[in-house]
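Student: I am new to this structure. Please take me through one part of it closely, and keep the sentences short.

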Amino acid sequence: MAMDVVDFEIKGAEMQFVEVELDPGEAAIGEAGSMMFMDAGIEMDTIFGDGSAQQGGIFGKLLGAGKRLITGESLFTTIFTNQASGKKRVAFAAPYPGKILPMDLSQLGGTLICQKDSFLCAARGVSLGIALQKRLGTGFFGGEGFIMQKLEGDGLAFVHAGGTVVRRDLKPGETLMIDTGCVVAYTSGVDFDIQYVGKIKTALFGGEGLFLAKVSGPGQVWLQSLPFSRLASRIFAAAPQNRGGGGREEGSLLGGFGAGGLLGSVLGGSDD
């Protein structure tokens with residue numbers, strides 16, 4: 001299927017969104033719930049799988065939806081088509097703080113492997129598939145799982161990553177060791193493997209886990225400074241764990257001993 005060629009503009013700093021400009025008849029696909037706003041004249045439709053499978057009959061639709069289900073995504077994507085006579089815009093918002101990366105697949109060899117939850121939106125015609133890791137060790141200990149997303153085509157796709165993002169261009173044979181959660185995406189020529197940290201003491205007390213991702217060139221790899229899993233674990237660790245009463249959930253230690261803490265216990269219904 002021919003790819004739509006779209007213009008875009010990424011706005012914001014920490015919480016970004018991307019505005020995609022559509023000519024009459026052009027369309028963009030987005031993850032369910034990622035749309036921020038759209039101009040009047042754009043028609044929104046929910047489909048199985050991705051836009052590339054839309055013309056493939058019922059089997060193509062089911063196959064595209066099945067691929068997304070395996071990667072843990074929704075069975076559906078939303079397609080936004082410009083039905084007006086002039087240019088219209090639709091915007092897609094990032095789900096958490098970080099950066100939106102425009103990926104021109106025509107300049108990346110036609111294929112990009114990325115984390116299963118990093119895809120945000122793309123021009124119609126980009127295929128969303130699955131990439132199975134070749135090594136069982138990578139699948140069991142890779143942190144991001146055995147299955148990753150594969151974006152294919154020659155169009156424009158947008159990938160979201162957490163925190164600050166850096167791209168490394170690896171020469172043939174050049175190797176980089178990375179925290180498994182910090183790998184956002186890489187081109188098809190990159191060899192991805194998992195390596196044990198090597199020392200029991202480092203594995204148990206170093207705070208970096210038992211395994212690291214080993215990527216080798218040639219190719220490009222994108223890294224994020226703040227994986228969502230790390231952000232979620234820090235929020236969960238800082239959140240109050242006692243849901244039974246209001247007085248015990250105060251963040252201040254002194255609040256538990258002072259009048260404020262006592263008043264909170266009484267009003268919260270504590271029986272102590």
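Tutor: Here is a walk through one sheet, its strands and its aromatic pairs, with a look at the rest afterwards.

This is a predicted model, in which local features need pLDDT of at least 70, side-chain atom pairs count only at pLDDT 80 or more, and totals for chains, interfaces and linings use all residues. Residues are numbered from 1 along each chain as its sequence is written, and side-chain values use heavy atoms, with hydrogens and water left out.

Start with the whole chain. It has 5 helices and 19 strands. Both are DSSP runs, numbered from the N terminus: helices are H or I with at least four residues, strands are E with at least two. Of the 272 residues, 41% are buried. Buried means under 20% relative accessible area, exposed means over 50%, and partly exposed is in between (1.4 Å probe, protein chains only).

Now the sheet. It is open and holds 4 strands in the order S1-S2-S7-S4, with antiparallel pairing. Two strands pair if DSSP finds at least two bridges between them. At the edges are strand S1 (7-11) and strand S4 (35-38), each pairing on one side only. From one strand to the next, the twist averages 20°. Such angles run from 0 to 180 degrees between N-to-C directions, with axes as lines fitted to C-alpha atoms.

Look at the S4 edge. S4 pairs with strand S7 (residues 88-93) over 3 bridges, in the antiparallel sense. Met-38 has Val-90 in S7 as its bridge partner.

Just before S4 comes a loop. Ser-34 is found there, between strand S3 (27-31) and S4. Ser-34 is buried, because its relative accessibility is 8%. Its side chain reaches the backbone oxygen of Glu-31 at 2.7 Å. That is a polar contact: a pair of N or O atoms within 3.5 Å, where within protein one must be able to donate a hydrogen and the other to accept it, and residues adjacent in sequence count only if both atoms are side-chain atoms. Leaving out residues up to four places away in sequence, Ser-34 touches Ala-91, Phe-92, Ala-93 and Leu-120. Contact means heavy atoms within 4.5 Å.

Next, the aromatic pairs. The whole structure has 5. Rings of Phe, Tyr and Trp (its six-membered ring) pair if their centres lie within 6.5 Å; planes under 30 degrees apart count as stacked, over 60 as edge-to-face and the rest as tilted. One of the pairs is Phe-8 with Phe-158, edge-to-face, at 5.1 Å centre to centre and 75° between the planes. Phe-8 lies in strand S1 and Phe-158 in strand S13 (residues 156-162), so the pair ties together parts that are 150 residues apart in sequence. Phe-8 is partly exposed, at 35% relative accessibility. Phe-158 is buried, with a relative accessible area of 1%.

Another edge-to-face pair is Phe-80 with Phe-92: 5.3 Å centre to centre, 80° between the planes. This pair links distant parts of the chain, with Phe-80 in strand S6 (residues 76-82) and Phe-92 in strand S7, 12 residues apart. Phe-80 and Phe-92 are buried.

Finally, a second sheet. This open sheet has 6 strands in the order S11-S12-S9-S16-S19-S14, paired antiparallel. Strand S11 (127-132) and strand S14 (165-170) are the edge strands. Within it, strand S9 (residues 111-114) and strand S16 (residues 183-187) run antiparallel, joined by 3 bridges. Leu-112 has Thr-187 in S16 as its bridge partner.
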